[in-house]
Amino acid sequence: MKRKHTNKSFWKRVRFKYKLMFFNESTLEEVWSFRLSQLSVFIYFCILAFILIALTSIIIILTPIRNYLPGYLDVEVRKEILENALRADSLEERLSIQSNYIKNIADILSGNISVDSIQHTDTTSFISSNYDIPRSDKDSAFISRFEEEEKYNLTALNPNPAQTEVFFYRPLNGIISSAFNEEKQHFGIDLTAAPKENIIATLDGTVVYSGFDPKYGNVISLQHKNDFISIYKHNDILLKEVGDRVAAGEAIAIVGNTGELSTGPHLHFELWHKGAPVNPEEYIAF
């Protein structure tokens, strides 16, 4: 009963309205007045704070100020470099085709090549859909047997995945303080950096581990295509959980100094392929 009375008195006190009036100092005439309660003041303050946060977020997102956020510009520049590299490769291929075409036209006009001898301007880029290599009975039997044996073998789609073109992002802007040394069982590299720096995913992948280890502190591991696994140790904060899909260049953790083996703020980065550690410096330009 006492608690109920206390609650009623609290809400009554919070909702009680006060009148604020402004007077003319000379005539003591009331110029302006309005009523406020503690509850209404709290509500107005919350609305004002929400508007300020929303305006600040919009300004950061829609203006160049976002380029000053830690880690943002680096990711954007890397994506632009990758897109420009792909675009340059396509232009080089088109230029080669165009050069062959012009050369063939020039040879025809000069009489070096007869018109009927030119079937395609670029035989490397033209494949007839109606052409089929004739097979013998032995070839057909071998192909049928091979297809049956490799039906459920996923590696048959890409027998040499390590050689495919994969663009690795640098997980952190830092200085290598300890290199890869398999003989000393140091299966990765150590990158020193300022605390609270963003750590990004080196490739597209899925989080397969995200947790704490007494020796290595906060650890997060990603499974990538082509049988690659990347491991990030000694983090301060983990931004992703097991099962999350992450894109290359996306922030996954914050640089820290956790774990018994850590000697200062840094990232211990490991790259594994088919269950064996590999030197990250052979895949990533640090």
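1. Let's start with strand 6, residues 205-213, and its partner strand 9, residues 245-246. The two run antiparallel and pair over two bridges. If you want to find the pairing in the viewer, look for G205, which stands opposite V246 in strand 9. Keep in mind as you look that this is a predicted model.

2. Strand 6 has another partner too: strand 7, residues 217-223. This pairing is also antiparallel, and it runs over seven bridges. A handy place to check it is V207, which sits opposite L222 in strand 7. How many residues lie between strand 6 and strand 7 in their hairpin? There are three residues between them.

3. Now zoom out to the whole chain. Its secondary structure adds up to four helices and twelve strands, so the strands you have just met are part of that set of twelve, given that strands are DSSP runs numbered from the N terminus. The chain has 286 residues, and 24% of them count as buried.

4. A word on contacts and surface. Take the contacts between residues at least 6 apart in sequence: 54% of these join residues at least 24 apart. As for the outside, the accessible surface of the chain is about 21,000 Å², and carbon and sulfur atoms account for 58% of that.

5. Next, have a look at the nonpolar patch on the surface, which covers about 930 Å². Its members are F42, I43, Y44, I47, F50, I51, L55, I59 and I65. Pick out L55, which you will find in helix 2, residues 38-62. Is L55 buried, partly exposed or exposed? L55 counts as partly exposed because its relative accessibility is 46%, and that class lies between the 20% and 50% cut-offs.

6. For contrast, try S37, in strand 2 (residues 30-37). S37 counts as buried because its relative accessibility is 9%, and buried means under 20%. What does S37 touch, once neighbours within four places in sequence are set aside? The contacts are V14, R15, F16 and K17.

7. Last one: N279, in the segment after strand 12 (276-278). With a relative accessibility of 18%, N279 counts as buried, because the cut-off is under 20%. Leaving out residues up to four places away in sequence, N279 touches F180 and I189. Try showing these side chains together in the viewer to see the contacts of N279 with F180 and I189 for yourself.

Key: Residues are numbered from 1 along each chain as its sequence is written. This is a predicted model: local features need pLDDT of at least 70, side-chain atom pairs count only at pLDDT 80 or more; totals for chains, interfaces and linings use all residues. Side-chain values use heavy atoms; hydrogens and water are left out. Patches are made of residues with over 30% relative accessible area and no salt bridge: like charges are joined within 9 Å, nonpolar side chains (Val, Leu, Ile, Met, Phe, Trp, Tyr) within 5 Å. Accessible areas come from the Shrake-Rupley method with a 1.4 Å probe; for residues, only the protein chains shown count as cover. A salt bridge is a side-chain nitrogen of Lys or Arg within 4 Å of a carboxyl oxygen of Asp or Glu. Buried means under 20% relative accessible area, exposed over 50%, partly exposed in between (1.4 Å probe, protein chains only). Contact means heavy atoms within 4.5 Å. Two strands pair if DSSP finds at least two bridges between them.
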